[in-house]
Structures are given as C-alpha cells and as structure tokens.
Amino acid sequence: MSGDILSEVLRSVRLRGAVYYHVSTSSSWAARAPAGRDIAAAVLPQSDHVMEYHALLRGSCWSTLDGLPPVRLQAGDIVLFPHGDSHVMASAPGLDADPYVEHYFALQGMPRPFSLRIDGAEPSMAESIDSNADTLLICGFFGCDLRPFNPLIATLPRMLHLQAAQAAGWTSQFLLQAAEESQRRRPGAEALLERMSEMMFVEAMQRHAETLPQDSHGWLAGLRDRLVGRALALIHEDPAADWTVDELGRRIGLSRSALHERFVELIGQPPMQYLANWRMQLAAAQLCSSKATVATIAQNVGYESEAAFNRAFRRLMGSPPATWRRQKAA
C-alpha cells in the first residue's frame, strides 16, 4: 500500500473509538443493534457517522445483516458494520429482537464500559461480567466524519468480519484488557480502551485491504495499485501543490489519458476531482481543530484566493467556511 495515506485519512476524518458494553449471554439469545444514525447523538455525539463493532471473547454466536447471509463468529473474531446498519447478534441465525434505542440515551454520561446481561431477547444491566456465561462479547462504536470527503467508508462492505486467525497478536490482548478494565474500573481505563479500539479499526482496514481480490475497485484498491497508489501518494504528500493530470502522469510514468482512465476505474472519480475533495476535507479539519483564519486555511490547502476557496467550500458544504465553523463549534 502506497505510503501511510490510510493513517492520514483516519486522522483527517477524526476517527474515534469507544468500548461501550461487555455482554454476557447463555442459552438462546438475540439482540438487535439500532442503526448508527439513530444513536449517534448518544454514543459519539461529535461524529457525523457511527458504526458498531462486536468482538467475541468467549463462545460462538451469529451476526446477521438484512440482505446478507448470516456469519458465524468464533472466540477472537471481530465483526464491524462500516455503514452503521442495524443488525442482529444472536445464538443462532434466524433469531431477532427489538432495538433498544432509548437505552443508549438513558446511559449518556455514565462511565463506560457497561456490563450487560442478555437472556432471550431481554437485555438488562449487570454489576459485572458473568464469568460463568457461555458467551462473552465486547461491543463498541467507531465514529468519523463523512463530510466534506471520506474516501474510505464508501468503499467498505456493509459487514466486515475479521477472523481470529487473521488478526494481529495484540488483538487478543485487547479483548482480555477490555474485560479486565471493565472489572477493575481503574482511572484512565476508558481512554485506554478508546485508543485500543481505534488500533483495532486500523488493523481491520489493513487486513481487509490485503485480502481484496485483484480485480477490486475502490479507494483501498487504488492505494494498493502500483500507479494509482503513487498518484495518490503525490496528492497526499503535497495537496497544496499546483497539480495537473499531466504533471501527475509525468511523475509516475503514465500519459494524461491513461492516468485519468486508470484513476477513474479504481477510485471512481478523476484525479483533479479527488484533489479538490481532499483539499476540502483538509480545510474542514483545520476549521474544526485550529484558530487559523479562513484566508490562511485557504492558502494551506492550495487556493490562491480566499474568495475562490469560499465559493468551492460553499458549493460542497452548503455554507461558507466561517459559518460552517461556527455551526460545528456550537
């Protein structure tokens, strides 16, 4: 994969992780997770987009997403829902339950992670993990920005299953650490688990990219491609440069037309459109995280005039950058 563009993108779209529940179950059980958009304001209120994950610490279970075949999870497996779809976790395929949207809002502000017990289709809060349970799950959320431009999420499948055999060695340590911190509730445990869950997301993305078929399309496939990956690396190394398709092609050894065609085939948009979108994402990140003036940010991302930047930002986001910044800060 070309450079470490993945890390740069995840920083820019403000990836956040959270461990919310340790779930203990026995016998026959089912739980339906609400769609991420329905609970985003409760679980990760500063994120545009919320996706849930489940890591299986003990036992086995099934994960079901409407329109896809059920997936069986074994101890050490992780399943992630990149598009924030509602889904079912259960002891067997075909079982279902009602989503408990209000439950997430009722727990806002309480220290995490919580312990939850599921009997049948009825979840209830527990004092601690049931060490005698047949099945133990660690459940949490990832949040990120989708706008102005997140090239990663759209290229991911609706369900991403990372099997224990595919995971790095530290992933099993994360599962054990999450269970231990839930029991001991030491100061800083929540922050520690947040960072570890974010590492788990990066690991899942790396593994997914490595297992993509050779004829795949999308942003991750573009990163892996020898020529498009180099063009992406040049754009990300210096997004403020006065790039043209001719110059990018010259630098990687492709004609203008060949680069355009190959870039569109893999990424789904022309190189200059990708550059413009990425500049807007960098600008939005700076508007959120710094006190730099709009004029300075415009120059940082490659615009010669503040007026041109304002027009481009408004066209994409629906409001001028200064207004958008105030709305995000409110």
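## Second largest pocket

By class, four nonpolar, one polar and two charged residues make up the lining of the second largest pocket. The model described here is predicted. The second largest pocket holds about 180 Å³ of space. Its lining consists of Ser7, Leu10, Arg11, Leu15, Glu198, Met199 and Val202. Helix 1 (5-12) and helix 5 (189-210) are the elements that give two or more residues to this lining.

## The chain as a whole

The chain has 13 helices and 10 strands. Along the principal axes, its C-alpha atoms fill a box of roughly 65 × 45 × 35 Å. The radius of gyration of the chain is 22 Å, which agrees with the value near 20 Å that a compact globule of 330 residues would have.

Of the 330 residues of the chain, 51% count as buried. Among contacts with a separation of 6 or more, 74% are between residues 24 or more positions apart.

## Largest pocket

The volume of the largest pocket is about 210 Å³. Arg14, Arg16, Pro45, Gln46, Leu287, Cys288, Arg325, Lys328 and Ala329 form its lining. The elements with two or more residues in this lining are helix 10 (271-289) and helix 13 (321-329).

Which helix gives the most to the lining of the largest pocket? Helix 13 does, with three residues. Sorted by class, the lining of the largest pocket has four nonpolar residues, one polar residue and four charged residues.

## Largest cavity

Rolling a probe the size of a water molecule over the atoms shows where empty space is left. In the whole structure, a search finds four cavities of 30 Å³ or more. The largest cavity contains about 300 Å³ of space. It is lined by 22 residues, and the closest to its centre are Ala31, Arg32, Tyr104, Leu116 and Ile118.

Several elements each supply at least two residues of the lining of the largest cavity: strand 1 (16-33), strand 2 (49-58), strand 6 (87-90), helix 3 (101-106), strand 7 (114-120) and strand 9 (135-144). Strand 1 provides the largest share, seven residues. The lining of the largest cavity divides by class into 16 nonpolar, three polar and three charged residues.

## Second largest cavity

The second largest cavity has a volume of about 50 Å³. Around it lie the lining residues Arg14, Asp48, Asp145, Arg147, Pro148, Gln281, Ala284, Ala285, Cys288, Trp324 and Lys328. Two or more of these residues come from helix 10, and two or more from helix 13. The greatest contribution to the lining of the second largest cavity is that of helix 10, with four residues.

In this lining, five residues are nonpolar, one is polar and five are charged. Arg14, Cys288 and Lys328 are found in the lining of the largest pocket and also in that of the second largest cavity.

## Helix 13

Helix 13 lends residues to the lining of the largest pocket and to that of the second largest cavity. Which residues of helix 13 are buried? They are Pro321, Trp324 and Arg325. Seen down the axis of helix 13, these buried residues fall within an arc of 100°, so they line one face of the helix. An α-helix has 3.6 residues a turn, so residues three or four places apart point the same way.

The buried residues of helix 13 are covered by elements that include helix 10, helix 11 (294-300) and helix 12 (306-317). Arg326 and Gln327 are exposed, and they sit on the face of helix 13 turned away from its buried side. Of the buried residues, Arg325 is part of the lining of the largest pocket, while Trp324 belongs to that of the second largest cavity.

## Ser319, ahead of helix 13

Ser319 lies in the loop between helix 12 and helix 13. Is Ser319 buried or exposed? Its relative accessibility is 10%, and residues under 20% are classed as buried, so Ser319 counts as buried.

With neighbours within four places in sequence left aside, Ser319 is in contact with Phe313, Arg314, Trp324 and Gln327. Two of these partners recur from the account of helix 13: Trp324 is one of its buried residues, whereas Gln327 is one of the exposed residues on the face turned away from the buried side.

Notes: Residues are numbered from 1 along each chain as its sequence is written. This is a predicted model: local features need pLDDT of at least 70, side-chain atom pairs count only at pLDDT 80 or more; totals for chains, interfaces and linings use all residues. Side-chain values use heavy atoms; hydrogens and water are left out. On a 1 Å grid over the protein atoms alone, a cavity is a set of points where a 1.4 Å probe fits but cannot get out, and a pocket is an open set with protein on both sides within 12 Å along at least five of seven lines; lining residues have an atom within 4 Å of a point. Grid points are joined across faces, edges and corners, and a volume is the space filled by probe spheres set on the points. Ala, Val, Leu, Ile, Met, Phe, Trp, Tyr, Cys and Pro count as nonpolar, Asp, Glu, Lys and Arg as charged, and the others, Gly among them, as polar. Buried means under 20% relative accessible area, exposed over 50%, partly exposed in between (1.4 Å probe, protein chains only). The arc is that of the directions from the helix axis to the C-beta atoms. Contact means heavy atoms within 4.5 Å. The radius of gyration is taken over C-alpha atoms; the globule rule is 2.2 Å times the number of residues to the power 0.38.
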